[in-house]
Amino acid sequence: MLDWLKNINREYPGFWKQYLQKFEHRSKRFVIISLENSGQNPDKDVIFSIGAIAVTENSVSIGDEFEVIIPQYKYLHDNDISNEFIIESKLEKQSEPEAIEAFIDYIGNAVLVGHRIHFDIDLINMALSKLQCGRLKNEALDIEIMHRKLNDLPEKPFPLDELLRHYKVPGTARISAADDAYSNALLFLKLKSKLGIN
Amino acid sequence: MRNSIADRIAEFLKDFPPFNKLSFDDLVKIASEIRVVSLEKNQTLFKTNDQLHSSFYVVASGMVNLTVIADAEETLLHKCIPGDIFGLRPFFARNNYMMTAKAREESLIYAIPISIFRPYVAQNQEVLNFLLESFAATSRNPLDQDLRGNLVSDSISLPEQKQEMQFFQSLNYNKNPLRVSSAQLTQEVATLMTENLFDSAIVVQNSFPVGILTDSDLRSKIATGRYPISIAVDRVMSAPVITVGENISLAEAQLLMLKNNVSHLCVTADGTDRSEIKGVISQHDLIVAQASNPGVLVKEIKRSHSAKELRQVREKMGEIIRSSMSKNIPLTHICNIASEINMALIKRSVELSILDLGSPPARFAWMSIGSQGRREQLLYTDQDSFLVFEDVAPEKYREVKDYFLKLAKRAVGVLEKIGYAPCPNGHVAGNPQWCHSLSDWTKQFESWMNAPGEKSNQISSIFFDFEIAFGEPKMEEILLDAVFRNNRKNSFFDYLGNDALRKPAALSFFKKFQLEEEGEFRDKFDIKLRAIMPLIDGARLISIAQGIRGITNTHMRFKQLAMSDTKHSETYLSCAEAFLLLSKYRTLEGLKNDNDGRYVNLDELSRTDREKIKFALEPMEELHEVIKSKFRLTQFS
């Protein structure tokens, strides 16, 4: 509430206004996201790449996909880390503002899904605040919590690998954030039908 | 923008037809339109009469069963494994699906939109041909391994195919019955029937059946003088006629005839008497259908000229076994039929090898041993055999042995192609160790019986369950003589007895099943080693000791023992029953998973089934007691 009061007179960037307008309708689209990042502290850490893929009508739409690499030259330089792997990657590279803008355009009002998604959302919110935008408004579902709910399990960490094995999701080489998002999407499909979410 | 997931999928697709005919860039384009669907076990993707989907499907992982339902019975058309395509109907036809696609296990399916794929089909003749072929596959056997990946699925619309598919359920009947109008005179109709050698004529009005005139009508109404022979046929016909639909099964036809007390059924397009006549089924058709099926297979085997043809026959036998099991036909009958067919297959394999190699230089006999020799082989288990040839002059020995080794290797190879894996212990005639002259074999059996466990620790007891499959029956006699001449030797029975008792227990101290603790079959129950083998071994041991010749089948051995050894007859009879029951569960498991059914997943069985198995394990204890009391076993020898 306070946020809203504070921001009531603030002028948002255009893409953010468009994003906000999309929330007039509820979405039937799920977007599974996965980030590669330097860590989970929103104040210090940065996003290296974003992979996302959409699930609609109980199936993964391969075409409805998003992947981007953000070469965080400054962060790498500050922390004295080699930036070779990012330079060598053949995937599209964008600066953080461009990448975040494209990402916001892509997700729209979809329900976000991910493994321990709150960390991802915190990081994205941080990146958004750097662009003078508000926080993400999307609903979010956490795969780990879905698994716990389904099986009535106590608070115990379930790493992604373990879940993939448990639900017999066929192994793909999980190299990039996009691969992770795809594996997560398959996992989500199974959990979704088991939990009866529509 | 590059889509790395689409790349991955294109990478997967490019190994399978028809996608291997397309360029990688095209595949990436197609892949980026794919939707991935996840199916739970037993989830249905589409079923018969569903509206067509806008996509066709490729299995990415798991397995999808395609089935058709005829006569309220599901018939499996094809098991789609990763890379197989199915659901092609929307490409070529407008009407609804003709089959059901259901996940056999958790599966991932790529749905490729038809609208995306159609341009590639139009541009690429090879792709089009492949799809057409797959759609209209006229292959005789959809399970044929050689056609894997080539053939799929939507072919059920072809009538010949259908006939083939339901070979064992459907009936052959007269498709062109005699049709007469209701105003015709009985005498004329009778003349027509006699001329055409038919025993019935269908009376038609406005091309719909209104009645039927059969031999028995003529007998009871005309020959008795109740009606003159010049009367119109509609006065003496049986009406109304019982009508049935086209794909009626044997069992159903039988039931209808009994229920309505008629000898003929009229087949119509939709099964009512208000549609076109398609044929007539007589009692005789039922008899033919009942009597000839396994016989037809044996005939087919005799006519086959390649391992591939034999394989198709064996697959059909799988169908017989499957349908017989589901109809609760006694297992002993199924075993008898299956072993006749197995024997015919082995015989034909040896014959084919002889045809290739030229006639043999000496007389010989091909012996089946193990489960084939005991006539208990229902599943694709391994083949075990040995070969005996008559004694020849020493200078010719080498040459003769070489010939038979070659022959045996070839025959074993043919059998392998049919689907019988060679014995992992090498107990096949192709092995130089098990291809000997008659005197060598006599000696071999004698040394096994006189000094068991001396040379090699593993005398395989399965060698004592032999049955001749091909060749000179006299040799079998001579070997049997050798075995029973020596059956007074205690050391041999000691050995066999210990061997029989040494099998790991089936139940734990707390009457729980002993499951496999590690390895691929973890938490499954080894029904072969822990439950069936002890019975087989026990039956063999006691029946050889009692001098029961000529019976190798475990069930029959127990039955025979119950008669000859009355003191323990109850134990033997319960063992016989237990053996059948356990074999049945093994066979069911094997059919379900397409393997030898050795490891049973108890979790999938119902509680009553588990209790039945436990109950069947009880006679084993008694049998062990009998063995211990009969033979002086030094347990720790």
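The exchange below goes through a predicted model and the grounds for the terms used on it.

Reader: What makes the meeting of chain A and chain B an interface, and how many residues does each chain give?
Author: Contact needs heavy atoms within 4.5 Å. By that rule chain A gives 27 residues and chain B gives 20 residues.

Reader: How much area is buried between chain A and chain B?
Author: About 1,900 Å². Carbon and sulfur atoms give 50% of that area. The size of an interface is often given as the accessible area lost when the parts come together.

Reader: Why is the pair Asp179(A) and Arg8(B) called a salt bridge?
Author: The cut-off from a side-chain nitrogen of Lys or Arg to a carboxyl oxygen of Asp or Glu is 4 Å. In Asp179(A) and Arg8(B), N and O are 2.5 Å apart, so the pair qualifies as a salt bridge. The rule finds four salt bridges across this interface. Polar contacts there come to 10 residue pairs, both residues at pLDDT 80 or more.

Reader: Which elements of chain A give two or more residues to the side that touches chain B?
Author: Strand 2 (47–56), strand 3 (59–69) and helix 9 (177–195). By class, that side of chain A has 13 nonpolar, seven polar and seven charged residues.

Reader: What makes Lys190(A) and Glu106(B) a salt bridge?
Author: Their closest N and O atoms are 2.8 Å apart. The limit is 4 Å, so the pair counts. The pair crosses between chains: Lys190(A) sits in helix 9 of chain A, and Glu106(B) in the loop between strand 7 (100–103) and strand 8 (107–113) of chain B.

Reader: Is Lys190(A) buried or exposed, and what of Glu106(B)?
Author: Buried means under 20% relative accessible area. Lys190(A) has 2%, so Lys190(A) is buried. Glu106(B) has 25%, so Glu106(B) is partly exposed.

Reader: How do you know that strand 3 of chain A pairs with strand 1 of chain B?
Author: Pairing takes at least two bridges. Strand 3 of chain A and strand 1 (residues 35–39) of chain B have three bridges, so they pair, in the antiparallel sense. Val60(A) stands opposite Val36(B).

Reader: Why are strand 12 and strand 14 of chain B said to stand at the edges?
Author: Three strands of chain B form an open sheet in the order 12-13-14, with mixed pairing. Strand 12 (243–244) and strand 14 (277–282) each have a single partner strand, so one side of each is left without a neighbour in the sheet. Strand 12 runs parallel to strand 13 (residues 264–268), joined by two bridges. Thr243(B) has Cys266(B) as its bridge partner.

Reader: Why is Ser49(A) called buried?
Author: Its relative accessible area is 6%. The cut-off is under 20%, so Ser49(A) is buried. Ser49(A) lies in strand 2 of chain A. Among the residues that Ser49(A) touches are Leu35(A), Val68(A) and Ala177(A).

Reader: What makes Lys29(B) and Asp26(B) a salt bridge at 4.0 Å?
Author: The rule says within 4 Å, so 4.0 Å is accepted. Both residues lie in helix 2 (residues 24–31) of chain B, three residues apart, about one turn of the helix.

Reader: What does the salt bridge of Glu516(B) and Arg530(B) tie together?
Author: Parts that are 14 residues apart in sequence. Glu516(B) lies in the loop between helix 18 (490–501) and strand 19 (525–526), and Arg530(B) in helix 19 (residues 527–545) of chain B. The closest N and O atoms are 3.6 Å apart. Glu516(B) is buried at 17%, and Arg530(B) is buried at 13%.

How values were computed
Residues are numbered from 1 along each chain as its sequence is written. Chains are lettered from A and ligands numbered from 1 in the order in which they are written. This is a predicted model: local features need pLDDT of at least 70, side-chain atom pairs count only at pLDDT 80 or more; totals for chains, interfaces and linings use all residues. Side-chain values use heavy atoms; hydrogens and water are left out. Buried area is the accessible area (1.4 Å probe) that two parts lose on being put together, summed over both. A polar contact is a pair of N or O atoms within 3.5 Å; within protein, one must be able to donate a hydrogen and the other to accept it, and residues adjacent in sequence count only if both atoms are side-chain atoms. Helices (H or I, at least four residues) and strands (E, at least two) are DSSP runs, numbered from the N terminus. Ala, Val, Leu, Ile, Met, Phe, Trp, Tyr, Cys and Pro count as nonpolar, Asp, Glu, Lys and Arg as charged, and the others, Gly among them, as polar. Buried means under 20% relative accessible area, exposed over 50%, partly exposed in between (1.4 Å probe, protein chains only). Lists of a residue's contacts leave out its neighbours within four places in sequence.
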